[in-house]
Amino acid sequence: MGTAERSEAVVGTEGALVSGDPDGGRERPQYRPLWVEEPAKRRRLPDPVRTAAVRAVLVIALTLIQAMVALLSTLAGSWLAFPMVLSSVASTVAATWAVLDVWVTRQVWNQRNGVVSTPSSTARALRRERRRVRRQARAAERVQGRIHRPGGAEQLSHP
């Protein structure tokens with residue numbers, strides 16, 4: 001008997017178990033998931049920006065490892081100290097470049113693809129109201145223009 005079948009075991013009228021439930025008919029607590037999915041607080045980075053960020057993290061990690069090896073080999077008096085110090089300086093320049101690459105890539109992405117903003121209902125309502133007022137003002141100007149037109153164009157043909 002599977003788990004699903006066991007959970008649906010039915011207790012008879014005298015309290016005897018109709019199917020073989022190992023709990024003896026006791027009620028089990030409800031199933032609780034291990035975790036509850038929550039919506040993300042921040043949106044995911046665009047692919048090019050995320051790629052640049054991963055690259056920057058890897059370069060920074062390598063730079064830190066090189067700096068640590070340079071420090072330890074200097075303390076130990078090893079011949080490897082001088083080459084490691086030079087490569088650490090070069091890696092520091094590369095790490096700075098990688099961080100700037102993330103920043104520039106993010107700026108370029110925002111400039112090209114921009115934030116697609118959906119105006120809120122209040123902004124939409126304000127724009128609608130302004131348009132309505134402008135239309136009424138234009139209609140009033142047209143009516144005023146017709147009334148003051150010389151030549152009696154607005155006069156009825158017979159009174």
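Read along the sequence, the chain of this predicted model follows the pattern α-α-α-α, and its secondary structure amounts to four helices and zero strands. Of the 159 residues of the chain, 11% count as buried. The accessible surface comes to about 14100 Å², and 61% of that surface belongs to carbon and sulfur atoms. When contacts between residues at least 6 apart in sequence are considered, 41% of them join residues at least 24 apart.

Two of the helices, α2 and α3, can be described through individual residues. Helix α2 comprises residues 47–76, whereas helix α3 comprises residues 81–113. Asp47 is found in helix α2, and the place of Ile60 is likewise in helix α2, while Ser91 lies in helix α3.

Asp47 has a relative accessible area of 48% and is therefore classed as partly exposed, given that the exposed class requires a value over 50%. The side chain of Asp47 makes a polar contact with the side chain of Arg50, at a distance of 2.5 Å. With respect to positions further along the chain, Asp47 and Trp109 are separated by 62 residues in sequence, and their C-alpha atoms lie 9.7 Å apart in space.

Ile60, also assigned to helix α2, has a relative accessibility of 33% and so counts as partly exposed. Once residues up to four places away in sequence are set aside, Ile60 touches Ala95 and Val99. A further spatial relation links Ile60 with Thr92, a residue 32 positions apart from Ile60 along the chain, for which the separation between C-alpha atoms is 7.8 Å.

Ser91, within the span of helix α3, has a relative accessibility of 11% and counts as buried, because this value falls under the 20% limit that defines the buried class. Leaving aside neighbours within four places in sequence, Ser91 is in contact with Val59, Thr63 and Gln66. Since helix α2 is made up of residues 47–76, the three contact partners of Ser91, namely Val59, Thr63 and Gln66, carry numbers that fall within that range.

Taken together, the residues described here include the buried Ser91 of helix α3 as well as two partly exposed residues of helix α2, Asp47 and Ile60.

Key
Residues are numbered from 1 along each chain as its sequence is written. This is a predicted model: local features need pLDDT of at least 70, side-chain atom pairs count only at pLDDT 80 or more; totals for chains, interfaces and linings use all residues. Side-chain values use heavy atoms; hydrogens and water are left out. Buried means under 20% relative accessible area, exposed over 50%, partly exposed in between (1.4 Å probe, protein chains only). Contact means heavy atoms within 4.5 Å. A polar contact is a pair of N or O atoms within 3.5 Å; within protein, one must be able to donate a hydrogen and the other to accept it, and residues adjacent in sequence count only if both atoms are side-chain atoms. Accessible areas come from the Shrake-Rupley method with a 1.4 Å probe; for residues, only the protein chains shown count as cover.
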